[in-house]
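Here is my note on the structure you sent, written as numbered points. Please read each point with the model open beside you.

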Amino acid sequence: MDQQQPNFPVNQVPRNLVTVTQIVYFLHGLSIVLGVFSGASIATAFVFGWPSIIAVIINYVKRSDVQGTYLASHFTWQIRTFWYAFWWIIFVWVVGFFLAFILVPEFDTETPLFS
């Protein structure tokens, strides 16, 4: 059954939901910072880093709680951003893998690389 979700005025959104939203933003931001200061790329750290994975799980668990509030759009944006980045990374990896085999010639060990 479809339950009716409460519509909270902006000033009456439960404080714990605002805190959860801020924690999720912090976790996503932490993943980006880890990507900047580590050997990983920013995009792969954002998608495959533990902070972002935990953040998306929190988004899905708390999504029903924020329905009817302005925070619902934040949760939707966070989830979509994660999945858009995920699928673009997969696409680039797949295309890059196949292009590497098409564009990079097979090396012949008998022929010197530089003549």
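1. Two residues are said to be in contact, or to pack against one another, when heavy atoms of the two lie within 4.5 Å. With that in mind, and remembering that this is a predicted model, one can say that the buried residues of helix 3 pack against helix 1, helix 2 and helix 4. The buried residues in question are Pro 51, Ser 52, Ala 55, Val 56, Asn 59 and Val 66.

2. As for the overall plan, the protein has four helices and zero strands, and its elements, read from the N terminus, follow the order α-α-α-α. Of the 115 residues in the protein, 26% are buried. Among the contacts with a separation of 6 or more, 65% are between residues 24 or more positions apart.

3. Helix 3 deserves a second look for its course. Its 17 residues should span 24 Å at 1.5 Å a residue, and the end C-alpha atoms are 23 Å apart, which agrees. Helix 3 nevertheless has a bend of about 35° at Tyr 60, and the helix is followed by Gly 68, which has a positive phi, near 90°.

4. Helix 4 covers residues 71–103, and here too the length can be checked: 33 residues at 1.5 Å each should span 48 Å, and the end C-alpha atoms are 47 Å apart, so the two values agree. The buried residues of helix 4 are Leu 71, Ala 72, Phe 75, Gln 78, Ile 79, Phe 82, Phe 86 and Ile 89, and they pack against helix 1 (15–36), helix 2 (42–48) and helix 3 (50–66).

5. Which helix gives the largest share of the largest nonpolar core? This core has 11 residues in all, namely Val 13, Leu 17, Val 18, Val 20, Val 24, Leu 27, Ala 55, Val 66, Leu 71, Ala 72 and Phe 75. Helix 1, helix 3 and helix 4 each contribute at least two residues to the core, but the largest share, five residues, comes from helix 1. A second, separate core has six residues, including Val 47, Val 56, Phe 82 and Phe 86. Within the largest core, Val 18 can be followed further: leaving aside residues up to four places away in sequence, Val 18 touches Val 13, Tyr 70 and Leu 71.

6. Is His 28 buried or exposed? This residue sits in helix 1, and because its relative accessible area is 7%, under the 20% cut-off, His 28 counts as buried. Not counting residues up to four places away in sequence, His 28 touches Phe 46, Ser 52, Ala 55, Val 56, Asn 59 and Gln 78. Of these partners, Ser 52, Ala 55, Val 56 and Asn 59 are among the buried residues of helix 3, while Gln 78 is among the buried residues of helix 4.

7. The aromatic rings form a theme of their own, since a search of the whole structure finds nine aromatic pairs. One of them joins Trp 88 and Phe 91, edge-to-face, with 5.6 Å from centre to centre and 90° between the planes. Trp 88 and Phe 91 are three residues apart in helix 4, so about one helical turn separates them. Trp 88 is exposed at 58% relative accessible area, whereas Phe 91, at 47%, is partly exposed. Another edge-to-face pair is made by Phe 97 and Phe 98, with 5.6 Å centre to centre and 75° between the planes; Phe 97 is partly exposed at 47% relative accessibility, and Phe 98 is exposed at 53%. Ring pairs also link Phe 46, Phe 48, Phe 82, Trp 83, Phe 86, Trp 87 and Trp 93 into a cluster.

8. Finally, a comparison with the record: an unreviewed UniProt entry lists residues 32–61 and 82–104 under "transmembrane region", and such annotations may be inferred rather than shown by experiment. In the model, residues 32–61 are 80% helix and 0% strand, with the end C-alpha atoms 22 Å apart. Residues 82–104 are 96% helix and 0% strand, and there the end C-alpha atoms lie 32 Å apart.

Note on methods
Residues are numbered from 1 along each chain as its sequence is written. This is a predicted model: local features need pLDDT of at least 70, side-chain atom pairs count only at pLDDT 80 or more; totals for chains, interfaces and linings use all residues. Side-chain values use heavy atoms; hydrogens and water are left out. Rings of Phe, Tyr and Trp (its six-membered ring) pair if their centres lie within 6.5 Å; planes under 30 degrees apart count as stacked, over 60 as edge-to-face and the rest as tilted. Buried means under 20% relative accessible area, exposed over 50%, partly exposed in between (1.4 Å probe, protein chains only). The expected span of a helix is 1.5 Å times one less than its number of residues. A nonpolar core is a set of buried Ala, Val, Leu, Ile, Met, Phe, Trp, Tyr and Cys residues joined through side-chain atoms within 4.5 Å. The bend at a residue is the angle between axes fitted to the seven residues ending there and the seven starting there.
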